[in-house]
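Please read this briefing with the sequence and the model open side by side. The points are grouped by topic, so that each can be checked against the coordinates in turn.

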Amino acid sequence: MTRRTWRSRATRSALALGLSGVVALSSVALVATAGASRNATKARVVVRVQHSAKYGKVLVTTHGMTLYTYASDTRAHSNCNGACLVIWPPLTVPKGIKPVAKGVRGLSVIVRSNGVRQVTYKGWPLYTYVNDKQRGVISGNAVSNFYIAKLTIKAAHST
C-alpha cells in the first residue's frame with residue numbers, strides 16, 4: 001500500500017465516521033424534538049394544598065415546602081431578582097410542562113427575564129424560602145414583604 005492509498009483510505013474512513021456521527025446526532029436531535037413535542041401538553045403536579053392550624057389552607061410544593069408570594073410583585077411579573085432569588089427561590093417548571101394541582105385552580109407560568117419558567121397562582125409568582133428546611137415549616141411569613149400563599153391568595157395581597 002502506498003502512502004497516497006493509505007491517506008485516501010484514512011480520509012474516506014474519517015469522512016464515513018464523521019457522516020455517521022452527524023446522522024447519529026441528527027437522530028438524537030429528532031428523538032429529543034419528538035420527546036419535547038410530546039411534553040408540550042404534559043401536566044405536572046407541582047403544588048398541593050396543606051392545612052395549617054395557624055394559617056388555614058396554604059399552598060405547598062409536592063415535597064411539602066411552603067410557598068410564598070411577594071407583595072412587591074405585580075400580576076404576571078416578578079420583582080424578586082439577584083440576591084432576593086437566593087433567599088426566595090422561585091417555583092419553576094421546565095418548558096413544555098403545565099403546572100397543575102389537585103383542588104387548585106389558577107396555576108400558570110410566567111417567563112422570567114433569564115428564560116426560567118416560574119409558576120404563578122392567580123397571576124402571582126410563587127417562591128419557596130431558603131430557611132424553611134423541612135416540609136410543613138412556615139418561617140418566611142411576613143419576612144421581607146413575602147407572605148404565605150393561601151388558597152384564597154387574599155392574605156398576601158389584600159391584608
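**A three-stranded sheet and its surroundings**

In this predicted model, three strands form an open sheet in the order β6-β7-β8, and their pairing is antiparallel. Because β6 and β8 each have a single partner strand, they stand at the edges of the sheet, and one side of each is left without a neighbour there. The chain around this sheet has three helices and nine strands in its secondary structure, and its elements run α-β-β-β-β-α-β-β-β-β-β-α from the N terminus on.

**Pairing of β6 and β7**

- Strand β7, which covers residues 117–121, is joined to β6 by five bridges in the antiparallel sense.
- Two positions show how the pairing is laid out: isoleucine 110 has glutamine 118 of β7 as its bridge partner, while leucine 107 stands opposite tyrosine 121 in β7.
- The hairpin of β6 and β7 has five residues between the strands, and within this hairpin glycine 115 takes a positive phi near 90 degrees.
- When side chains are inspected here, it may help to recall that in a regular strand they alternate between the two faces of the sheet.

**Arginine 105, ahead of β6**

- Arginine 105 lies in the loop that runs between β5 (97–100) and β6 (107–111).
- Is arginine 105 buried or exposed? Its relative accessibility is 76%, and because the cut-off for an exposed residue is over 50%, arginine 105 counts as exposed.
- Leaving aside residues up to four places away in sequence, arginine 105 touches Tyr121 and Lys122.
- Arginine 105 and tyrosine 121 are 16 residues apart in sequence, and their C-alpha atoms are 8.0 Å apart in space; tyrosine 121 is also the residue of β7 that stands opposite leucine 107.

**The disulfide**

- The structure holds one disulfide, which joins cysteine 80 to cysteine 84 with an S to S distance of 2.0 Å.
- The link of cysteine 80 and cysteine 84 is left-handed, with -110 degrees about the S-S bond.
- Both ends of the link can be placed by accessibility, for which buried means under 20% relative accessible area: cysteine 80 is buried at 0%, and cysteine 84, at 18%, is buried as well.

**A nonpolar surface patch**

- Val86, Ile87 and Val130 make a nonpolar surface patch of about 240 Å².
- One of these residues, valine 130, is found in the loop between β8 (124–125) and β9 (146–148).
- How exposed is valine 130? It counts as partly exposed, because its relative accessibility of 35% falls between the cut-offs of 20% and 50%.

**The chain as a whole**

- The chain has 159 residues, of which buried residues make up 32%.
- About 9,900 Å² of the chain is exposed, and carbon and sulfur atoms supply 59% of this area.
- Of the contacts in the chain between residues at least 6 apart in sequence, 64% join residues at least 24 apart.

Key. Residues numbered from 1 in each chain as written. Predicted model: local features only at pLDDT ≥ 70, side-chain atom pairs only at ≥ 80, totals over all residues. Heavy atoms only, no water. Helix = DSSP H or I, 4+ residues; strand = E, 2+ residues; numbered from the N terminus. Buried < 20%, exposed > 50% of the residue type's maximum accessible area, 1.4 Å probe, protein only. Contact = heavy atoms within 4.5 Å. Disulfide = S-S within 2.5 Å. Patch = residues over 30% accessible without salt bridge, like charges linked within 9 Å, V, L, I, M, F, W, Y side chains within 5 Å. Areas by Shrake-Rupley, 256 points an atom, 1.4 Å probe, with all protein chains shown as cover. Salt bridge = Lys/Arg side-chain N within 4 Å of Asp/Glu carboxyl O. Pairing = 2+ DSSP bridges.
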